[in-house]
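Trainee: Hello! Could you show me how to read a protein structure, one feature at a time?

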Amino acid sequence: MPIRKNLAVHRDPYLPLMGPKEVAVCRHCGAVYHRKRWSLESPPVAVEGRTIRSVVCPACQKMHDSFPGGIIVLSGEFLKPHKEQIIGLVRNEEARAKKNNPLERIISIKDNGNGVEIQTTSDRFAQRIGMEIQRAYKGDITYHWSRDDKFIRVKWHRDRTE
Ligand SMILES: [Zn+2]
């Protein structure tokens with residue numbers, strides 16, 4: 001389990017600046033920002049003095065800009081015969097994440113023949129996918145954070161095919 005050196009909270013430049021009573025709704029995916037968190041709950045009813053803003057949520061912006069928070073690179077001999085299965089696991093993680101945090105999404109899954117590259121909107125989500133892949137398929141994994149701990153590069157490799 002990697003330990004993050006810097007636990008200071010960096011403001012995500014993609015998060016809208018909002019007052020504590022404001023509510024924002026993403027006009028692309030419908031995610032709702034309320035009380036400092038994003039969810040897929042229905043937006044709270046309008047009350048007096050409350051502003052409901054129409055925004056583009058950070059995940060939709062990152063997907064639009066192709067600005068990943070994490071990249072996972074899968075490689076090794078083991079990958080080819082198990083590719084479908086492993087990508088299935090990644091898709092399951094995505095479905096699970098969607099229920100808890102609508103900002104955790106997969107931007108793309110690219111198969112370049114030698115390996116697979118998965119881009120995600122958040123670093124934590126990429127880390128979790130890496131951990132799940134290793135839990136299920138063993139192999140070697142490295143996690144490398146950069147960009148003020150807002151970006152992670154995960155490398156997973158397994159050669160043994162037995
Ligand atoms: Zn959105």
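Trainee: What share of the contacts in the protein with a separation of 6 or more comes from residues 24 or more positions apart?

Mentor: Let me begin with the term: two residues are in contact if their C-beta atoms, placed from the backbone, lie within 7 Å. Here, residues 24 or more positions apart account for 63% of the contacts with a separation of 6 or more. Please keep in mind that this is a predicted model, where local features need pLDDT of at least 70 and side-chain atom pairs count only at pLDDT 80 or more, while totals for chains, interfaces and linings use all residues. Residues are numbered from 1 along each chain as its sequence is written.

Trainee: Thank you! How many helices and strands are there in the protein?

Mentor: Helices (H or I, at least four residues) and strands (E, at least two) are DSSP runs, numbered from the N terminus. The protein has three helices and nine strands. Going along the sequence, you meet them in the pattern β-β-β-β-α-β-α-β-β-α-β-β.

Trainee: Which strands form sheets, and in what order?

Mentor: Look for pairing: two strands pair if DSSP finds at least two bridges between them. One open sheet has four strands in the order 3-2-1-4, with mixed pairing. Its edge strands, strand 3 (37–39) and strand 4 (52–55), each pair on one side only. Within this sheet, strand 2 (residues 32–34) is antiparallel to strand 3, with three bridges between them. Tyr 33, for example, has Trp 38 in strand 3 as its bridge partner.

The other open sheet has five strands in the order 6-7-5-9-8, and its pairing is mixed too. Strand 6 (106–111) and strand 8 are the edge strands here, each pairing on one side only.

Trainee: In what sense does strand 5 pair with strand 7, and in what sense with strand 9?

Mentor: Strand 5 pairs with strand 7 in the antiparallel sense, over six bridges. With strand 9, strand 5 pairs in the parallel sense, also over six bridges. You can find Val 73 opposite Glu 117 in strand 7, and Leu 74 opposite Trp 156 in strand 9.

Trainee: Which side chains of strand 5 are buried?

Mentor: First the general idea: in a regular strand the side chains alternate between the two faces of the sheet. A residue is buried if 20 or more other C-beta atoms lie within 10 Å of its own, exposed if 12 or fewer, and partly exposed in between, with C-beta atoms placed from the backbone. In strand 5, Gly 70, Ile 72 and Leu 74 point to one face and are buried. Ile 71, Val 73 and Ser 75 point to the other face and are not buried. Over the whole protein, buried residues make up 27% of the 162 residues.

Trainee: Why does Arg 147 count as exposed?

Mentor: Arg 147 counts as exposed because it has 10 C-beta neighbours inside 10 Å. You will find Arg 147 in the loop between strand 8 and strand 9. Arg 147 and Gly 69 are 78 residues apart in sequence, and their C-alpha atoms are 9.5 Å apart in space.

Trainee: Now helix 3, please! Which of its residues are buried, and what covers them?

Mentor: In general, an α-helix has 3.6 residues a turn, so residues three or four places apart point the same way. Helix 3 (residues 123–137) has 15 residues. Its buried residues are Asp 123, Phe 125, Ala 126, Gln 127, Ile 129, Gly 130 and Ile 133. The cover over them includes strand 5 (70–75), helix 2 (79–100), strand 7 (115–120), strand 8 (140–146) and strand 9 (151–157). Just after helix 3, Lys 138 takes a positive phi of about 55 degrees.

Trainee: Which residues of the largest nonpolar core touch the most other members?

Mentor: A nonpolar core is a set of buried Ala, Val, Leu, Ile, Met, Phe, Trp, Tyr and Cys residues joined through C-beta atoms within 7 Å. The largest one has 17 residues, of which Ile 72, Leu 74, Ile 118, Ala 126, Ile 129, Val 154 and Trp 156 touch the most other members. Strand 5, helix 2, strand 7, helix 3 and strand 9 each give two or more residues to this core. Helix 3 gives the most, with four residues. Apart from this core lies another, of 11 residues, including Ala 31, Cys 60, Met 63 and Leu 103.

How values were computed. The expected span of a helix is 1.5 Å times one less than its number of residues.
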